[in-house]
Amino acid sequence: MKILLLEDDTALASILVDYLQESYEVIQTYSMQKALSLTEEQKFDLYIFDINVPDGDGISLLGELRDFQDTTPAIFITAFHDTKYLKSAFGVGANDFIKKPFDLEELGARIENIKRHFGLDTTIALTNTLFFDTKTHTLQTQEELIHLTQKESECLHYFYKNRHRVVSSQELLQNFWEFDEMPGDDAIRTIVKNLRKHIGKEHIVNIRGEGYRFE
C-alpha cells in the first residue's frame, strides 16, 4: 500500500516514516504544493495530512483533490483540539482524524480500519466464494482462476472502494487514463460488461443517466 504523508514537523515526520515503512511504501513531504504535485504524478492508496503546513493546509488540499474526483481515503493528524477543524476536515471528505500526541499503534489501528473499509488489502472477498487479488489482477472462484486486464482490475477495485455510491463513466476515465489518451464511454461499457460476466450482473448496477453502483 502506498501512502502520501504531509507533515511539516521534521521530528514527527521522521518517526512516522520509520514506523509506516515497516509495512507500507511511504512518500513524505513538508509542502502542500509538493503534495498536490505528487498526487498528479502518482497514485496513492491513503493520504495522511497534517492540517497546518507552511504553504497552506491539509484541509484545503483534500478539498481540492475531492473536487477533482479523487476519492483516496484520508486521515488527518493535527495538534488542534478545536472541533471546528474536525468538522471542516470531515466536511471536505476526510475519513478519519487523530489528534497529537498519539501512539503509533493507534495510527496503525486506524490505518487497518481504513484498509478493511476500502478494500486496500491485496485479496478482497467479493462474496463467500469469489476472491479478488488486486496485485495479480485475478478472480478466484471455487472452480477457476480468472485473469483480468489491468484496466478491468483497476476499475473493479475502484468500484469496490466506492461501493454503494454512484460512479460515473467520466470519473472512471479521469482516474485511469491520461488526458491525452482518454478513450470514450464505450471503453467503460466494455469493461463493465466483462466484469459483470465474471462477478454477476447484480453486483454492478447501471443507474440510468448517472453511472454505475457496486453492490
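# Exercises on a predicted model

In this predicted model, strand β13 (residues 204–207) and β14 run antiparallel and are joined by four bridges.

**Exercise 1.** Describe the hairpin of β13 and β14, including the residue with a positive phi.

*Solution.*
1. Start with the pairing: Ile207 of the hairpin faces Gly211 in β14.
2. Next, take the connection: three residues lie between the strands.
3. Then check the backbone angles: Gly209 has a positive phi near 80°.

**Exercise 2.** Identify which residues of the largest nonpolar core touch the most other members, and find the elements that give two or more residues to this core.

*Solution.*
1. The core has 25 residues, of which Leu126, Leu139, Leu156 and Phe159 touch the most other members.
2. Two or more residues come from each of α6 (150–161), α7 (169–176), α8 (185–199) and β14 (211–214).
3. Take Phe159 as a case: leaving out residues up to four places away in sequence, Phe159 touches Val167, Leu172, Val192, Leu195, Ile204, Tyr212 and Phe214.
4. A separate second core holds 20 residues, among them Leu36, Leu38, Leu65 and Ala89.

**Exercise 3.** Work out how the buried residues of helix α1 are arranged around its axis, and what they pack against.

*Solution.*
1. List the buried residues of α1 (residues 10–20), taking under 20% relative accessible area as the cut-off: Leu12, Ala13, Leu16, Val17 and Leu20.
2. Viewed down the axis of α1, these buried residues fall within an arc of 130°, so they line one face of the helix.
3. On the face turned away from that buried side, the exposed residues are Thr10 and Asp18.
4. The packing partners of the buried residues are β1 (2–6), β2 (25–29), β3 (46–50), β6 (74–78) and α5 (104–118).
5. Finally, look at the start of α1: a side-chain oxygen of Asp9 comes to within 3.1 Å of the backbone nitrogen of Ala11.

**Exercise 4.** Lay out the open sheet of four strands and place α6 relative to it.

*Solution.*
1. The strand order is β8-β9-β10-β11, and the pairing is antiparallel.
2. β8 (123–125) and β11 (145–147) each pair on one side only, which makes them the edge strands.
3. On average, neighbouring strands are turned by 20° against each other, direction ignored.
4. For one pair in detail, β10 (residues 138–140) and β11 share three bridges, with Gln140 opposite Leu145 in β11.
5. Helix α6 packs on the sheet through contacts with β8, β9 (131–133) and β10, and the direction of α6 makes about 120° with that of β9.

Notes: Residues numbered from 1 in each chain as written. Predicted model: local features only at pLDDT ≥ 70, side-chain atom pairs only at ≥ 80, totals over all residues. Heavy atoms only, no water. Core = buried A, V, L, I, M, F, W, Y, C linked by side-chain atoms within 4.5 Å. Buried < 20%, exposed > 50% of the residue type's maximum accessible area, 1.4 Å probe, protein only. Contact = heavy atoms within 4.5 Å. Arc of directions from axis to C-beta. Polar contact = N/O pair within 3.5 Å; in protein donor to acceptor, adjacent residues only side chain to side chain. Pairing = 2+ DSSP bridges. Axes fitted to C-alpha atoms, helices over the stretch in contact; angles between N-to-C directions.
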